[in-house]
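Colleague: Before I plan any work around this protein, I would like a close look at one part of it, with the surrounding architecture added afterwards. Please spell out your cut-offs as you go.

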Amino acid sequence: MNITIYTLTSELHDEQAVSAVTREFLSSLQIAYDFKGGDYTDYGRHALDLIYVRTGGTEGIFRRLLPELQAKSERPFYLLTSGKSNSLAASMEILSYLRQNGLQGEIIHGNAAYISKRIMLLAKAGEVLERLEGCRLGIIGQPSDWLISSVADRERVKSLLGIDLMDIPMQELLDGIAETPLKETEEQAPTEAIKEALPGAFRIYDALKGIVDHQQLQGFTLRCFDLLTAVRNTGCMALARFNADGIIASCEGDVPAMLSMMIAQAAVGVTGFQANPASIDPETGEMLFAHCTIPFNMVERYELDTHFESGIGVGIRGYMKEGPVTIFKVSGDLSRHFIAEGELVVSQAKPDLCRTQQVIRLNDAAKTSYFLTEPIGNHHIILPGHHRELLEEICKTWLRRQQ
């Protein structure tokens with residue numbers, strides 16, 4: 001963890017006594033950190049910068065220092081306090097001043113276990129935002145026509161996350177497919193039709209790989225339904241492989257879904273399963289999610305089938321391990337997000353739905369109302385494990401930047 005601690009200390013306090021309290025307090029936290037004291041030269045360059053308000057009487061010092069700190073970082077100010085020597089009172093006065101001036105901050109105070117946990121969570125969120133900075137994501141072919149709400153505010157995405165969104169014409173992919181030779185594959189096919197479709201599915205992957213490498217992308221979203229008519233095949237196999245390799249690959253040109261997957265990858269190490277609800281029981285919190293592709297590194301096993309809507313090409317029916325999951329989505333302007341934890345109850349294989357089907361029961365059934373009253377589009381991202389706390393902190397961090 002890249003945690004750096006700076007200090008504020010009144011000249012009226014005895015330095016020897018204050019230093020002894022500092023050593024005892026910071027040692028009790030049992031975290032790794034870099035201690036800079038009053039040298040703020042590299043403030044704002046770390047996953048988490050903490051200002052340890054060691055004593056009272058430091059409010060004026062902070063006010064004089066504030067313009068320099070604002071020039072170095074747009075992040076919230078995190079004020080660490082032990083509660084000794086009126087440090088909490090000073091921190092409250094400083095935070096009040098920040099809020100009066102439209103700036104965000106937080107006092108980190110409590111017992112050692114709480115402070116340590118809070119610092120580690122903030123540091124993890126900071127590391128995620130550092131990973132996102134400078135990422136390049138492609139929009140290949142624009143969003144599908146039916147995704148009328150699934151667009152992005154590019155300027156906000158750039159300013160808040162540091163992510164560049166790049167338009168790539170669908171024709172560039174189609175030209176790449178035409179120029180890419182068919183290859184034999186060892187993938188086992190359950191039917192002759194799927195066996196015949198597999199070389200074409202892998203050719204789509206190779207053509208997309210050429211675009212990813214040429215454009216130096218960390219991910220993309222694909223207007224994949226155009227492939228059904230253009231090359232009589234699907235991108236499901238390609239997307240499953242890219243996501244398993246850590247390259248974000250979102251379906252249907254859904255930009256908010258792609259951003260959600262990029263954040264998920266940076267936070268928890270998997271891109272997530274992009275799916276849409278097929279049914280919801282508001283009373284039990286049970287929901288059925290489905291889609292025709294899922295990252296190979298998220299499943300215990302998978303089967304090949306055709307693409308559901310078209311009945312052609314190659315679709316993926318994946319079986320994730322049952323247990324805790326998190327459902328996640330951000331809006332295209334990053335002003336809203338949804339996070340809910342639940343349990344994957346069972347995976348289904350019904351013929352009348354997209355091939356990967358997951359029955360998920362939300363821990364809080366009341367959260368189903370979001371899907372029926374204020375959804376962020378139809379696609380949502382399903383992640384193995386419970387990650388609400390970290391994802392909430394990440395979203396809060398950039399929301400604070402907007403205020």
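Leaving aside its neighbours within four places in sequence, which residues is D42 in contact with?

Modeller: This is a predicted model, in which local features need pLDDT of at least 70 and side-chain atom pairs count only at pLDDT 80 or more, while totals for chains, interfaces and linings use all residues. Residues are numbered from 1 along each chain as its sequence is written, and side-chain values use heavy atoms, with hydrogens and water left out.

Once its neighbours within four places in sequence are set aside, D42 is in contact with Y6 and K36, where contact means heavy atoms within 4.5 Å. D42 sits in the loop between β2 and β3 (48-53); helices (H or I, at least four residues) and strands (E, at least two) are DSSP runs, numbered from the N terminus. With a relative accessible area of 16%, D42 is buried; buried means under 20% relative accessible area, exposed over 50% and partly exposed in between, using a 1.4 Å probe and protein chains only. From C-alpha to C-alpha, D42 and Q348 are 53 Å apart in space, and 306 residues apart in sequence.

Two other loop residues deserve a look for their backbone angles. Most residues other than glycine have a negative phi. Q30, in the loop between α1 (15-29) and β2 (34-37), has a positive phi near 55° without being a glycine, and at 71% relative accessibility Q30 counts as exposed. L334, in the loop between β14 (323-330) and β15 (337-348), likewise has a positive phi, of about 65°, but L334 counts as buried because its relative accessibility is 1%.

Moving to the wider architecture, an open sheet is formed by 4 strands in the order β7-β6-β8-β9, with parallel pairing; two strands pair if DSSP finds at least two bridges between them. The edge strands, each pairing on one side only, are β7 (164-168) and β9 (248-251). Strand β6 (residues 136-140) is joined to β7 by 5 bridges, and the bridge partner of I139 in β7 is D167. Helix α10 (residues 255-268) packs on this sheet and touches β6, β7, β8 (219-222) and β9, its direction making about 150° with that of β9.

Helix α10 also packs against α4 (residues 112-132), at an angle of about 125° and with the axes 9 Å apart; axes are lines fitted to C-alpha atoms, for helices over the stretch in contact, and angles run from 0 to 180 degrees between N-to-C directions. That angle makes α4 oblique to α10, since angles under 35 degrees count as roughly parallel, over 145 as roughly antiparallel, 65 to 115 as roughly perpendicular and the rest as oblique. The contact is made by V128, R131 and L132 of α4 together with M262, I263, A266 and A267 of α10.

Finally, strand β16 (residues 356-362) has 6 of its 7 residues buried, so β16 is largely enclosed by the rest of the structure. Strand β11 (residues 286-291) runs antiparallel to β16 and is joined to it by 6 bridges, with V359 of β16 as the bridge partner of L288. β15 also pairs with β16 in the antiparallel sense, over 6 bridges, and there the partner of E343 is R361.
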